[in-house]
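Biologist: Hi! Could you walk me through this structure, starting with any word I need to know?
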Amino acid sequence: MDLSFSFIVPVYNRPDEIAELLESLTHQTYSKDFEVLIVEDGSTLSSEEVVGKYREKLSISYYKKTNSGPGDSRNYGMTRAKGNYFLIVDSDCMIPPQYLDAVHGALEKEWVHCFGGPDAAHESFGLLQKAINYAMTSVLTTGGIRGNKKALDKFQPRSFNMGISKIAFETVGGFGKIHPGEDPDFTFRIWEKGFNTKLIPEAFVYHKRRIDWNKFFTQVKKFGSVRPILNKWHPKTSKMTYWFPTLFCLGFLASLLFLALGISVPLYLYVVYFVLIFVDSFLKNRNLAVALLSLVAVSIQFMGYGYGFLKSTIFLNFSKKQPETLFPHLFFK
């Protein structure tokens, strides 16, 4: 196939992010033309002026629409794109110069209708951003499935860095209304239609994640909350490993109870785990502060995801109501 790429970028009140993203796209080493579609999803802070500064540097289109969520905004962009392969990235990403070359080369070597790439921390990121990036990507946490784990039967692309062919998009019908969780739901429906997915390790992006601890807790809690819904929709994809953060947290509470009874071994196991986290983060980031903050990030990740998963599981199993009624904040209308 003669590949023609279209970047699809939904944005909501983030003109500064779009400036960084577009600037990074001007430095692509890829020799062929590509287009960029910016979809303003009901923002009150417009990115139109920022986009205008790059019209002579990039083949770029700008669209404004009412707020309907990132999934629907991606669909909106893909239906208007001129390319035959869509590259979906979040507005808080920066794209390395070799990205398109890596994607093109990998698809020519082994064609696939959908791929995902890892996310990485740029050297310019702050300490908190690097610590959260570690928690979200490390194989020692729940983050391994998001980008760096190769030993998966089927890789699940995530919409911060995902590629999908026009054929697959039109066959599957695009993203749904759930958020977060729209990307694994999309991936599962891709599999159900007979399309394969794969990881392209070289096609990584720098994912900035402009969040604080409170926002991070809310984010991972939502991730945990949507997983039982996805298990209900796609029961063949349900795995025991999704229970790990919940069991980890309950096990920690149990270890404190055992300690009160004079049994310290369970708590020592948790100490060993967090020492491993500290050492691994330090080796990857070469920064003592980031390693310490990674302990906080991983703790918040497990608590938020575990709580959200357990609460959602209980509600779904002991109520006859539909997920859209039980968890309206997880769905766009």
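Modeller: Happy to! Buried means under 20% relative accessible area, exposed means over 50%, and partly exposed is in between, with a 1.4 Å probe and protein chains only. This is a predicted model, where local features need pLDDT of at least 70, side-chain atom pairs count only at pLDDT 80 or more, and totals for chains, interfaces and linings use all residues. Residues are numbered from 1 along each chain as its sequence is written, and side-chain values use heavy atoms, with hydrogens and water left out.

Biologist: Let's try those words, then. Is Arg-286 buried or exposed?
Modeller: Arg-286 counts as exposed, at 63% relative accessibility. Its phi is positive, about 55 degrees, although Arg-286 is not a glycine.

Biologist: Why point out a positive phi?
Modeller: Most residues other than glycine have a negative phi, and most peptide bonds are trans.

Biologist: Where does Arg-286 sit?
Modeller: Arg-286 is in the loop between α10 (265–285) and α11. A quick note on the labels: helices (H or I, at least four residues) and strands (E, at least two) are DSSP runs, numbered from the N terminus.

Biologist: Which non-glycine residue in the loop between β1 and α1 has a positive phi?
Modeller: That is Asn-13, with a phi of about 55 degrees. Asn-13 lies in the loop between β1 and α1.

Biologist: And what kind of peptide bond joins His-179 and Pro-180?
Modeller: A cis one, with omega about -5 degrees. Pro-180 belongs to the loop between α6 and α7.

Biologist: New topic: the sheet. What is the order of its strands?
Modeller: The order is β3-β2-β1-β4-β8-β6-β9, in an open sheet of 7 strands with mixed pairing. Two strands pair if DSSP finds at least two bridges between them.

Biologist: Which strands stand at the edges?
Modeller: β3 and β9 (197–199) do; each has a single partner strand, so one side of each is left without a neighbour in the sheet. From one strand to the next, the twist averages 20 degrees.

Biologist: Let's zoom in on β2. How many of its residues are buried?
Modeller: In strand β2 (residues 35–41), 7 of 7 residues are buried. Both faces are covered: one side has Glu-35, Leu-37, Val-39 and Asp-41, and the other has Val-36, Ile-38 and Glu-40.

Biologist: Which strands does β2 pair with?
Modeller: Strand β1 (residues 5–11) pairs with β2 in the parallel sense over 6 bridges, and Pro-10 has Val-39 as its bridge partner in β2. Strand β3 (residues 59–65) is also parallel to β2, over 7 bridges, with Tyr-62 as the bridge partner of Ile-38.

Biologist: What do β1, α1 and β2 make together?
Modeller: With helix α1 (residues 15–25), β1 and β2 make a right-handed β-α-β unit. Right-handed means that, with the strands pointing away from the viewer, the path from the first strand over the helix to the second runs clockwise.

Biologist: What about the β9 end?
Modeller: There, strand β6 (residues 114–116) and β9 pair in the parallel sense over 3 bridges. In β9, Thr-197 is the bridge partner of Cys-114.

Biologist: Which helix lies across β6, β8 and β9?
Modeller: Helix α7 (residues 182–192) does, running at about 30 degrees to β8. For such angles, axes are lines fitted to C-alpha atoms, for helices over the stretch in contact, and angles run from 0 to 180 degrees between N-to-C directions.

Biologist: How much of α7 is buried?
Modeller: 10 of its 11 residues are buried, so α7 is largely enclosed by the rest of the structure. Among the buried ones are Phe-186, Phe-188 and Trp-191. The buried residues pack against α3, β6, β8, α6 (166–172), β9 and α8 (213–233), where contact means heavy atoms within 4.5 Å.

Biologist: What follows α7?
Modeller: Gly-194, whose phi is positive, near 90 degrees.

Biologist: One last spot: where is Leu-295, and what does it touch?
Modeller: Leu-295 is in helix α11 (residues 288–317). Leu-295 touches Phe-274, Ile-277 and Phe-278, not counting residues up to four places away in sequence. With a relative accessible area of 22%, Leu-295 is partly exposed.
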